[in-house]
Amino acid sequence: ATLVHQCGMVMSEGGSSSLGFPGSADRASTGLVVASTAVVYPLIAIQIKSANIGAEVLAQIISIFSSTTDIVRWSLLLNPTVAGTALSFAGVTNSSVQAATGATNGTTVSGGYQIASGYVSNVGPTTVVLPPGGAVGLGSNIAGTADILVLAIQAVSGTPTVYGALGWSEQN
């Protein structure tokens, strides 16, 4: 009789690094006019495509620019309530994500879980890199309804025109 035994082990002392496939959505040359200081508007929104609900998508970077000297407050909101004109999501090419980048000041958001926030004016673009441990993961509820992550803005004064981008990494 013959007995053959094989054994193997893989170990990582430094932990793992989840790089993923990068993606981003932006407003291109179409800014959003912030018409009221009392209202919060969605600048960019992303969610996982219904066919890719199991994908892991982590928000990682935010970039915002105001075309005026008016100060703008921005916030990153998870699952806010959307009112007014519905967000129009379109699939991002070769991605598990769909994005809404064309909202006007006819769409507003409220509530949701605020993940990050800050202020910007036209001194230059503000770029925020979310820490790897603090990156926001998108998923869905048990019924399969995808989370929505919204980069929202609100004028502190005036009526600025705001541009922005939201970057993420994803693993399928």
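How many bridges pair strand 2 and strand 14, and in which sense do the two strands run? They pair over 2 bridges in the antiparallel sense. Two strands count as paired if DSSP finds at least two bridges between them, and strands themselves are DSSP runs (E, at least two residues; helices are H or I, at least four), numbered from the N terminus.

The structure is a predicted model, in which local features need pLDDT of at least 70, side-chain atom pairs count only at pLDDT 80 or more, and totals for chains, interfaces and linings use all residues. Residues are numbered from 1 along each chain as its sequence is written, and side-chain values use heavy atoms, with hydrogens and water left out.

**First stop: strand 14 and its partners**

Select strand 14 (161-171). Of its 11 residues, 8 are buried, so strand 14 is largely enclosed by the rest of the structure. Buried means under 20% relative accessible area, exposed means over 50%, and partly exposed lies in between (1.4 Å probe, protein chains only).

Next, add strand 2 (32-33) and find L32, whose bridge partner in strand 14 is V162. Then add strand 4 (56-66), which is joined to strand 14 by 10 bridges and runs antiparallel to it. Here S66 stands opposite V162. Finally, show strand 1 (21-26); 6 bridges join strand 1 to strand 14, again in antiparallel fashion. On this pairing, P22 has S169 as its bridge partner.

**Second stop: the open sheet**

Select strands 7, 8, 3, 13, 5 and 10 in that order: these 6 strands form an open sheet with antiparallel pairing. Strand 7 (90-91) and strand 10 stand at the edges with a single partner strand each, so one side of each has no neighbour in the sheet.

Within this sheet, display strand 5 (72-78) and strand 13 (149-155). The two run antiparallel and are joined by 7 bridges; in one of the pairs, L77 has V150 of strand 13 as its bridge partner.

Now pick S75, which is found in strand 5. Is S75 buried or exposed? S75 is buried, with a relative accessible area of 2%. Contact means heavy atoms within 4.5 Å. Leaving aside neighbours within four places in sequence, S75 is in contact with Q114, A116, S117, V150, L151 and A152.

**Third stop: the nonpolar cores**

A nonpolar core is a set of buried Ala, Val, Leu, Ile, Met, Phe, Trp, Tyr and Cys residues joined through side-chain atoms within 4.5 Å. The largest one has 30 residues, of which I46, L76, L149, L151 and I153 touch the most other members. Among the elements that give two or more residues to this core are strand 8 (97-100) and strand 10 (113-120). Strand 3 gives the most, with 5 residues.

Centre the view on I46. Apart from neighbours within four places in sequence, I46 has contacts that include F89, V97, L138, L149, L166 and W168. A second, separate core of 10 residues can be selected next; A45, L87, A103 and V109 are included in it.

**Last stop: two loop residues**

Move to A28, in the loop between strand 1 and strand 2. The phi of A28 is near 55°, a positive value in a residue other than glycine. A28 counts as exposed, at 62% relative accessibility.

The tour ends at N79, found in the loop between strand 5 and strand 6 (81-84). N79 is not a glycine, yet has a positive phi of about 55°. At 37% relative accessibility, N79 counts as partly exposed.
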